[in-house]
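Me: I have a structure open and would like to go through it piece by piece. Can you take short questions?

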Amino acid sequence: MAGESAEPDDAQVIPITRARSSHEPPPSEGEPSGWEPAPDEDGDRGLAELLAFLRRRVTGEYEVDEFGFDPELTDKVLLELIRPLYRHWFRVETVGMHNVPGDSGALVVANHSGTLPLDGLMLQVALHDDHPERRAVRLLGADLVYQLPLLGHLSRKTGHTLACRDDADRLLRKGELVGVFPEGFKGVGKPFSERYKLQRFGRGGFVASAIRAGVPIVPCSIVGAEEIYPKVGDLRFLARVLGLPYLPITPLFPWLGPLGLVPLPSKWMIGFGEPIRTDQFDPADADDPMLVFNLTDQVREVIQQQLNELRLRRGHAFPPFF
């Protein structure tokens, strides 16, 4: 009507903090129109979480188990440091994660390679980030790892422990996910010409531990680690002087000095096979050397077959360059 305002008296002023597209759904009930937090709110929240984390570290308000495992430090610091390698450098893909139990003990048995044992770290990120239950794997390490003060301390903080019968049995009976690399230094230090060929699995101590605990064995195959530091030679004399199992020569090390320690960006795949049950055995069967040998050989054959299949599935190690 003439003389009346074109706007109703109860017209509301809509904030212009964020324009909503006509194609976007309307805000849900109780949701303000400017629903995105301001950048400074995100920053404040992150700063508050960091300060709370530091306060807990200083005051000792955090938990570690009997092995020294510190879940908070592992999740918020140590895994964060290696996630860029996992996600962007090696571009790791996982296969068969449903074969890893979600809430019970199991023994993950994997091939070992790469000259430097980065495969263990990538396996740890895979099971923590890509498993639905975000499982922490307790890797069993060699004596040499725990003879080095800093490395040994960090290993225990991230849940790793010494590869011995007592520790393995206790972890498995607690329902933990335990990881082992039966090839040891023979696998991680083998020359590039023998890539993806499994070495001997030792005396099968890992199988005996699984039988005593009655937990399944999950065969795991890791493809990609063989190409990060192609070992073409070995400085054996210097390795003996330094007390190391080997001192590798690669196409880049030692020729480029510290730059030679940068791993090549190979494409990785980590596959988990169907669990091999052990609960049909009596715990006393762990002392039967023939049974342990046969089961060890079975696990080794399964992992080798998985490796061959994953290599074909992955294709070239450095796509799209080759």
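Reply: What follows goes through a helix, some single residues and a surface patch.

Me: What kind of model is this, and how are residues numbered?
Reply: This is a predicted model, where local features need pLDDT of at least 70, side-chain atom pairs count only at pLDDT 80 or more, and totals for chains, interfaces and linings use all residues. Residues are numbered from 1 along each chain as its sequence is written, and side-chain values use heavy atoms, with hydrogens and water left out.

Me: Start with H10. How many residues does it have, and how far does it reach?
Reply: Helix H10 covers residues 289–314, which is 26 residues. From first C-alpha to last it reaches 37 Å, close to the 38 Å expected at 1.5 Å a residue. The expected span is 1.5 Å times one less than the number of residues. Helices (H or I, at least four residues) and strands (E, at least two) are DSSP runs, numbered from the N terminus.

Me: Which residues of H10 are buried?
Reply: Among them are Leu-291, Leu-295, Val-299, Ile-303 and Leu-307. Some polar ones are on the list too, including Gln-304 and Arg-314. Buried means under 20% relative accessible area, exposed over 50%, and partly exposed in between (1.4 Å probe, protein chains only).

Me: Any general rule about which way residues in a helix point?
Reply: An α-helix has 3.6 residues a turn, so residues three or four places apart point the same way.

Me: What do the buried residues of H10 pack against?
Reply: They pack against strands S1 (93–95), S2 (106–110), S6 (217–223) and S9, and against helix H8 (205–213).

Me: And what is at the two ends of H10?
Reply: Asp-288 caps the N-terminal end, with a side-chain oxygen 3.1 Å from the backbone nitrogen of Met-290. Just after H10, Gly-315 has a positive phi of about 85°.

Me: New topic. Is Gln-124 buried or exposed?
Reply: Gln-124 counts as buried because its relative accessibility is 5%. Its place is in helix H3, residues 118–129.

Me: What does its side chain pair with?
Reply: The side chains of Gln-124 and His-160 are joined by a polar contact of 3.1 Å. A polar contact is a pair of N or O atoms within 3.5 Å; within protein, one must be able to donate a hydrogen and the other to accept it, and residues adjacent in sequence count only if both atoms are side-chain atoms. Leaving aside neighbours within four places in sequence, Gln-124 is also in contact (heavy atoms within 4.5 Å) with Thr-74, Leu-79, Val-137 and Thr-158.

Me: Which residues other than glycine have a positive phi?
Reply: Arg-134 is one of them, with phi near 45°. Arg-134 sits in the loop between H3 and strand S3 (137–141) and is partly exposed at 47%. Tyr-196 has a positive phi of about 60°; its place is in the loop between H7 and H8, and Tyr-196 is buried at 3%.

Me: Where is the cis peptide bond?
Reply: It runs from Phe-253 to Pro-254, with omega near 10°. Pro-254 is in the loop between S8 and S9.

Me: What about Trp-255, buried or exposed?
Reply: Trp-255 is exposed because its relative accessible area is 58%. Trp-255 lies in the loop between strand S8 (248–249) and strand S9 (269–272).
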